[in-house]
Amino acid sequence: MTTLTPQQPAIPQPGGDVTPAPEPRPAAPESRPAPEPGPAQDPAWRELVDAVREAGQYPTRSEAESVTRVVLSALGGHVVGDERVDLARALPEEAARVVASQIPATRSLTAAEFVDSVAARIEGATPATARWDVSSVLSVLPPLVGDELVTRILDQLPPGYALLFGRAELTPAA
């Protein structure tokens, strides 16, 4: 005769044998706290990267995100003072971190030097592809942060940056 314990109900087998049931799995925790939102989960960051992806016609979201990080980190070193603070406030949290974490540059770069500095940070980039990358990121900022802030940022930077932000750069007639 087989004795069964209440913790292990019997499973009848062909031929009349009885096998104990497998041990039950431990119950899953009732609820786990939601993970902290990271850049991939932040809707505003995703929207920014998606806008860059569309503007630059990047084949993958990952490529657009990488370019966005590189360009914003380069910009973060060249925008200082109240404009830098206001830019960080206007950007999605992850983008603000990228901008604010940069050490201010010791000298201003011309727009061409800025593009070259971005080219140096992107593997396989040329000045032409880096200009595309810079424009793809900076041209999506005015609708996001506002034209007034972009104007203040451009006033702080050397001539030539307006085109990178998708604006015409007008110079007074001599």
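**Figure 1. Overall fold of the predicted protein chain**. Among contacts in the protein chain between residues at least 6 apart in sequence, those joining residues at least 24 apart account for 58%. This predicted model contains eight helices and two strands, and their order along the sequence is β-β-α-α-α-α-α-α-α-α. Of the 174 residues in the protein chain, 35% are buried, while the accessible surface comes to about 11000 Å², with 56% of that area belonging to carbon and sulfur atoms.

**Figure 2. The largest nonpolar core and the helices that supply it**. This core has 43 residues, and the members that touch the most other members are F114, V118, L138, L141 and F165. At least two residues of the core come from each of α1 (43-56), α2 (61-76), α3 (81-90), α4 (93-100), α5 (111-121), α6 (127-138), α7 (141-145) and α8 (147-156), with α2 giving the most, namely seven residues.

**Figure 3. Surroundings of L138 in the core**. When residues up to four places away in sequence are not counted, L138 touches V71, L75, F114, L164 and F165; of these partners, F114 and F165 are, like L138 itself, among the core residues that touch the most other members.

**Figure 4. The buried acidic residue D42**. D42 is located in the loop that runs between β2 (18-20) and α1. Although D42 is buried, this residue has no salt bridge, and the nearest side chain of opposite charge, that of R97, is 6.6 Å away. With neighbours within four places in sequence left aside, the contacts of D42 are with P92, E93 and E94.

Conventions: Residues are numbered from 1 along each chain as its sequence is written. This is a predicted model: local features need pLDDT of at least 70, side-chain atom pairs count only at pLDDT 80 or more; totals for chains, interfaces and linings use all residues. Side-chain values use heavy atoms; hydrogens and water are left out. A nonpolar core is a set of buried Ala, Val, Leu, Ile, Met, Phe, Trp, Tyr and Cys residues joined through side-chain atoms within 4.5 Å. Buried means under 20% relative accessible area, exposed over 50%, partly exposed in between (1.4 Å probe, protein chains only). Helices (H or I, at least four residues) and strands (E, at least two) are DSSP runs, numbered from the N terminus. Contact means heavy atoms within 4.5 Å. Lys and Arg count as positive and Asp and Glu as negative; His and the chain ends are not counted. A salt bridge is a side-chain nitrogen of Lys or Arg within 4 Å of a carboxyl oxygen of Asp or Glu. Accessible areas come from the Shrake-Rupley method with a 1.4 Å probe; for residues, only the protein chains shown count as cover.
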